[in-house]
Amino acid sequence: MIYFKFPFDEKLYSTDPQQDTESISFYSFDRLRQIDFKGNIIEASEEFSQAVITSDDLLKDESHFHAEIKDEYLQTLHSVIEVIKEEQLPKLVYSRRKIFRNFSRIDLKKSFNNLCTSYPNAFRYIFNDGEHAWMGAFSEVLGKFNKTTCEFETMSLAGTLPVSEAWSEKEIEEQKPVTSYIRNVLENYAKNIEISDTYDHISGNIKHLRTDFKALIKPEELDFIITELHPTPAVCGIPKEVCKRNIQKFEKFPRELYAGFIRIETEENIMYFVNLRCARLYQDSVHVFVGGGITAQSNPEKEWKETELKSEAILKNLVTI
């Protein structure tokens, strides 16, 4: 079972039973895991309206994970900042899980509807394949390729603040290396690259800094571009390999599908979305994944508050019973 909505599109989609077509794939952050949904993409509003989707259908949580408490997070983040200073890293992304268990049941259908209403400019999805169940809503496009025009679009999305706050040097400096990284990758495949001015991207109760890119590419080079772009500095850091090693060293839990990406192919486009505001769903718990870009100027207390704010994207939309 999978249901999803594209950004700025309130039509609900799913897949039909055609097993010879592979339309949707979820890739883990490390790209070692892949979950596929076969079938053609179809509208599914009527099917969804009749469906009963609750946490009773999910597996029980047997992970035995215990989320980081605040003091543990702050202590680790101080160590991360020391590494950033010692190795002169422009940015490293550190994430954590927030585990919610204070419920008896969750009405996942209503929860997903809430998520769709709260984030109309995001890619929104819920799925349960019998072994894995996830839900998410996020705005970052890793890539969009038009099969007819061969135009490729992507974005640099980084820096996070509540909508009402003004940008500081920390957020501005955090977004710059993401933009530079994407431009450098695209320059290996395209000559005339269109780059927008940086502007505010609103996502619910928070905002990010965003820069858009457009370029004409060769279809056969699309997979190479995606491989080079992922993971972007927005979800990993710079340099990529150094940051990936430190993520593995410092983060308490594996990221699983968090900060991985989703590939969706339609008749017109091939789209790739970064799986950010998301949660793994269990019958008796919800694991919410949140993270932030850490720089030498980061304040651990402020970073904790930022992750708490990001967790609301899922938690405030859950309908518990």
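# Close-up views of the chain

**Glutamine 88 counts as exposed, with a relative accessibility of 71%.** For accessibility, under 20% relative accessible area is called buried, over 50% exposed and anything in between partly exposed, using a 1.4 Å probe and protein chains only. You'll find glutamine 88 in the loop between α2 and β6 (91-100). Its phi is positive, about 55°, although glutamine 88 is not a glycine. Helices (H or I, at least four residues) and strands (E, at least two) are DSSP runs, numbered from the N terminus. A quick note for every view: this is a predicted model, in which local features need pLDDT of at least 70 and side-chain atom pairs count only at pLDDT 80 or more, while totals for chains, interfaces and linings use all residues. Residues are numbered from 1 along each chain as its sequence is written, and side-chain values use heavy atoms, with hydrogens and water left out.

**Phenylalanine 8 sits in the loop between β1 (2-5) and β2 (13-15).** Here's another residue with a positive phi, about 60°, although phenylalanine 8 is not a glycine. Its relative accessibility is 71%, so phenylalanine 8 counts as exposed.

**Helix α2 (residues 70-87) crosses helix α7 (residues 300-315) at roughly 120°, and their axes come within 9 Å.** That angle makes α2 oblique to α7. On the scale used here, angles under 35 degrees are roughly parallel, over 145 roughly antiparallel, 65 to 115 roughly perpendicular, and the rest oblique. The axes are lines fitted to C-alpha atoms, for helices over the stretch in contact, and the angles run from 0 to 180 degrees between N-to-C directions. The crossing of α2 past α7 is right-handed, a term for a near helix turned clockwise from the far one by less than a right angle (anticlockwise would be left-handed). On the α2 side, look for Lys70, Tyr73, Leu74, Leu77, His78 and Ile81; they meet Pro300, Glu301, Glu303, Trp304 and Thr307 in α7. Sorted by class, this contact of α2 with α7 has 6 nonpolar, 2 polar and 3 charged residues. Ala, Val, Leu, Ile, Met, Phe, Trp, Tyr, Cys and Pro count as nonpolar; Asp, Glu, Lys and Arg are charged, and the others, Gly among them, are polar. Contact means heavy atoms within 4.5 Å.

**Glutamate 82 is a residue of helix α2.** With 42% relative accessibility, glutamate 82 counts as partly exposed. Threonine 295 is 213 residues away from glutamate 82 along the chain, yet their C-alpha atoms are separated by 9.9 Å.

**Helix α4 (residues 169-186) and helix α5 (residues 222-229) pack at about 155°, axes 10 Å apart.** This makes α4 roughly antiparallel to α5. The crossing of α4 and α5 is right-handed. In the contact, Tyr181, Ile182, Val185 and Leu186 of α4 meet Ile225, Glu228 and Leu229 of α5. The class count for α4 with α5 is 6 nonpolar, no polar and 1 charged residues.

**Proline 231 follows a cis peptide bond from histidine 230, with omega at about -10°.** This proline is in the loop between α5 and β14 (237-238). Proline 231 counts as buried because its relative accessibility is 3%. Set aside neighbours within four places in sequence, and the contacts of proline 231 are Phe29, Tyr181, Cys236, Lys240 and Lys244. Asparagine 188 is 43 residues from proline 231 in sequence and 17 Å from it in space, C-alpha to C-alpha.

**A cis peptide bond also joins isoleucine 238 and proline 239, with omega about -5°.** Proline 239 is placed in the loop between β14 and α6 (240-250).

**Zooming out, the protein chain has 7 helices and 18 strands.** Its C-alpha trace spans about 55 × 50 × 35 Å along the principal axes. The radius of gyration of the protein chain is 19 Å, which agrees with the value near 20 Å for a compact globule of 321 residues. That radius is taken over C-alpha atoms, and the globule rule is 2.2 Å times the number of residues to the power 0.38. Of the 321 residues, 57% are buried. Among contacts with a separation of 6 or more, 72% come from residues 24 or more positions apart.
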